[in-house]
Amino acid sequence: MAVQIPEPIQKLPEAGRALTRLLSGRRSVLVLVMIAIGACQLLIPNKAVAQTTNPQVVVAESECKVKYVYLYSFGLLTKWPEATFERTNNAFVIGVLGDKPFGHILDAIARRKEIDNRRIVIRRFKSMKEYQPCHILYVTESVSEEDATSAANDLNDDAVLIVGETEDFQFIGGVIAFRIEDENVKFSLNVDAVKRRHLMVSARLSRLALTVRDTDRRRPVSTAENR
């Protein structure tokens, strides 16, 4: 039986329905994420849509919205060592490295939602010289592959869920890498990086991902589609 799609999500543009299609038909997979998406869609202001009729801008905002809600969902479905929260005054911190448009979407989620009963704080860094402790570090596509690799190496084996958007980011020190496939936002999860960074991810999150290991490069271990 297919998952019932909340009305706010049904009205998203095609690119914005990527997460919805990925979840459709999986009754037992990430119901929690579906609830999170429905709630966030009601909370997020559509500034770009109100200001422009350019379809490219609308699609770009929809893609950002899906990725930002994913970041929130990753926080719900991952466990960090308790000691990591001592360094952030008990807040859950999402860091954004580099430039990323439609930042108001992520800010809206942070203002109104919590993760594990912790307030969400957004920190933005132009470079790793400005870095402060985070639980999730989102390395945007504006960061070069060389700098993205350096960022991951700078954190060594710290308990940070490093999420990127560049090709093969999951093999250059990242834990999760977004990609666009058939106009859908999908992601890869490096299970070796998860262990190396002392994280525990939900099995439900793993079932949504294209899971890989350090030695796989482009050869997947498993996918959500073949389960």
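Visitor: In β6, which residue is the bridge partner of Leu137?
Guide: This is a predicted model. Strand β5 covers residues 136-139 and pairs with β6 in the parallel sense. Within β6, the residue bridged to Leu137 is Ile162.

Visitor: Over how many bridges do β5 and β6 pair?
Guide: The two strands run in the parallel sense. Between them the chain passes through helix α8, residues 145-154. The count of bridges pairing β5 with β6 is 4.

Visitor: Is the β-α-β crossover from β5 to β6 right-handed or left-handed?
Guide: The chain leaves β5, goes through helix α8 and arrives at β6. The handedness of this β-α-β crossover is right-handed.

Visitor: Which residue in β7 does Val163 stand opposite?
Guide: β6 also pairs with β7, in the parallel sense, over 2 bridges. Val163 is on one side of β6 with Leu161, and both are buried. Its opposite residue in β7 is Ile176.

Visitor: Are Ile162 and Gly164 in β6 buried or exposed?
Guide: Both faces of β6 are covered. Leu161 and Val163 take one side, Ile162 and Gly164 the other. Ile162 and Gly164 are buried.

Visitor: What residue forms a salt bridge with Lys100 at 2.9 Å?
Guide: Lys100 lies in the loop between β2 and α7, and its partner lies in the loop between β6 and β7, so the pair ties together parts that are 65 residues apart in sequence. Lys100 counts as buried, at 15% relative accessibility. The partner counts as buried too, at 11%. That partner is Glu165.

Visitor: Which residues are linked with Lys100 and Glu165 in a network of salt bridges?
Guide: Lys100 and Glu165 bridge each other, with the closest N and O atoms 2.9 Å apart. The network also takes in Glu63, Lys67 and Glu141.

Visitor: Is Arg118 buried or exposed?
Guide: Arg118 sits in strand β4 and meets Glu82, which is 36 residues apart from it in the chain. Their salt bridge is 3.4 Å, N to O. Glu82 is exposed at 55%. Arg118 has 9% relative accessibility, and the cut-off is under 20%, so Arg118 is buried.

Visitor: What residue forms a salt bridge with Arg213?
Guide: Arg213 is in the segment after β10, and its partner is in helix α9, 21 residues apart. Arg213 is partly exposed, at 34%. The closest N and O atoms are 3.5 Å apart, and the partner is Asp192.

Visitor: How many salt bridges does the count come to?
Guide: Among them are Glu82 with Arg118 and Arg213 with Asp192. The count comes to 10.

Methods
Residues numbered from 1 in each chain as written. Predicted model: local features only at pLDDT ≥ 70, side-chain atom pairs only at ≥ 80, totals over all residues. Heavy atoms only, no water. Salt bridge = Lys/Arg side-chain N within 4 Å of Asp/Glu carboxyl O. Buried < 20%, exposed > 50% of the residue type's maximum accessible area, 1.4 Å probe, protein only. Pairing = 2+ DSSP bridges. Right-handed = clockwise from strand over helix to strand, strands pointing away.
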